Amino acid sequence: VPLAPGGAIDFVARQCGEVMSRQLGQQVIVENRTGAGGTIGMDSVLKAEPDGYTVLIANDNAASAPHILRLPHDYTKVLLPIIDIGHQPLVLGVHPTLGVNSIEEYLAHAKKNPAWASPPPASARTSTSSGPGSRGKPGSGSTTSPIEERARP
Amino acid sequence: VNDLVAGHVKSALLGPTALIPHHQAGTIKIIGQSSAKRAPTLPDIPTFGEGGLKGVALEAWYAAFAPPGTPPALIAQINAAIGNSLTDPRLRDAFAKGIMEPIGGSPEQLGELARADSAKYERLVRELEIRAG
């Protein structure tokens with residue numbers, strides 16, 4: 001598991017690991033090897049013994065990180081796929097003080113307030129959208145990286 | 001999540017699990033989900049497309065991969081073991097609570113999905129000039 005305990009990758013790994021331990025009668029150990037947005041853990045599986053005892057549980061960062069971070073390898077091309085475990089939508093959450101109750105109102109708000117569609121604070125740059133209309137300005141910092149560790153328990 | 005609840009950021013696209021309790025408590029409002037169709041575990045939240053934001057559909061996936069060189073017979077064995085675990089009722093209950101849809105399937109199906117997403121991200125990173133940091 002390339003991200004921290006408590007996140008969604010850790011969640012699926014522990015759920016499957018627990019059931020597999022029971023079904024196989026053999027202990028499955030979940031190890032979190034974190035750092036560098038998950039690339040340390042993913043890299044460690046690239047170099048692991050191909051003996052069936054090491055399995056990477058990753059998310060779609062495995063497909064995006066190589067391009068965003070300009071890595072020398074594409075995980076989706078060098079790692080061997082085993083099984084798709086689970087899917088999850090992302091959700092757009094708004095603070096009540098924004099006074100927006102739907103996607104329609106959100107789009108209208110963004111059109112009316114171009115200045116509002118500005119980069120989020122650094123502390124919040126974790127898959128955080130700054131509103132439609134904020135992209136397409138290279139270097140403005142508004143294209144936030146989905147590669148940082150995501151808290152998706 | 002904390003910045004959103006505190007109002008330091010007014011909107012954010014995030015994983016659903018941590019936001020659902022805040023949505024239920026009214027401290028934040030979830031106004032849309034990013035998948036093409038409403039997730040079975042989030043039937044009451046409209047998709048972006050339903051809300052008029054067309055052409056935006058993405059789903060986070062969680063999957064198992066083996067080190068290069070792992071023999072196909074071992075891959076098949078692990079695929080079956082993980083696939084079997086996804087049929088466990090307690091696991092399915094926990095997945096539903098975590099807004100996680102169990103998928104399963106063959107290694108080839110995951111390979112196609114992962115490579116298609118990689119190609120998509122390669123194009124997005126190039127066209128939007130996305131840089132880390």
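A salt bridge here is a side-chain nitrogen of Lys or Arg within 4 Å of a carboxyl oxygen of Asp or Glu. With that in hand, let's explore this predicted model.

**Exercise 1.** Find how many salt bridges cross the interface of chain B and chain A, and check the pair D88(B) and R22(A).

*Solution.* Start with the count: the rule finds one across this interface. Next, look at the side chains of D88(B) and R22(A), where N and O lie 3.4 Å apart. The cut-off is 4 Å, so this pair qualifies as a salt bridge.

**Exercise 2.** Describe the contact between the two chains, then the side that chain B offers.

*Solution.* First, the residues: 87 come from chain B and 76 from chain A. Then the area: about 7600 Å² is buried between the chains, with carbon and sulfur atoms giving 65%. In chain B, the three residues I31(B), Y62(B) and F65(B) supply 11% of what that chain buries against chain A, more than any other three. Polar contacts join 31 residue pairs between the chains, counting those with both residues at pLDDT 80 or more. Helix 5 of chain B gives the largest share of its side, 11 residues. Finally, sort that side by type: 50 residues are nonpolar, 24 polar and 13 charged.

**Exercise 3.** Work out which residues touch the most other members of the largest nonpolar core, and which element gives the most to this core.

*Solution.* The core has 27 residues, and V12(A), I85(A), I82(B) and F95(B) touch the most other members. Helix 1 of chain A gives the most, with eight residues. Now zoom in on V12(A): beyond its neighbours within four places in sequence, its contacts are I57(A), I85(A), Y62(B), F95(B) and M100(B).

Conventions
Residues are numbered from 1 along each chain as its sequence is written. Chains are lettered from A and ligands numbered from 1 in the order in which they are written. This is a predicted model: local features need pLDDT of at least 70, side-chain atom pairs count only at pLDDT 80 or more; totals for chains, interfaces and linings use all residues. Side-chain values use heavy atoms; hydrogens and water are left out. A nonpolar core is a set of buried Ala, Val, Leu, Ile, Met, Phe, Trp, Tyr and Cys residues joined through side-chain atoms within 4.5 Å. Buried means under 20% relative accessible area, exposed over 50%, partly exposed in between (1.4 Å probe, protein chains only). Helices (H or I, at least four residues) and strands (E, at least two) are DSSP runs, numbered from the N terminus. Contact means heavy atoms within 4.5 Å. Buried area is the accessible area (1.4 Å probe) that two parts lose on being put together, summed over both. A polar contact is a pair of N or O atoms within 3.5 Å; within protein, one must be able to donate a hydrogen and the other to accept it, and residues adjacent in sequence count only if both atoms are side-chain atoms. Ala, Val, Leu, Ile, Met, Phe, Trp, Tyr, Cys and Pro count as nonpolar, Asp, Glu, Lys and Arg as charged, and the others, Gly among them, as polar.
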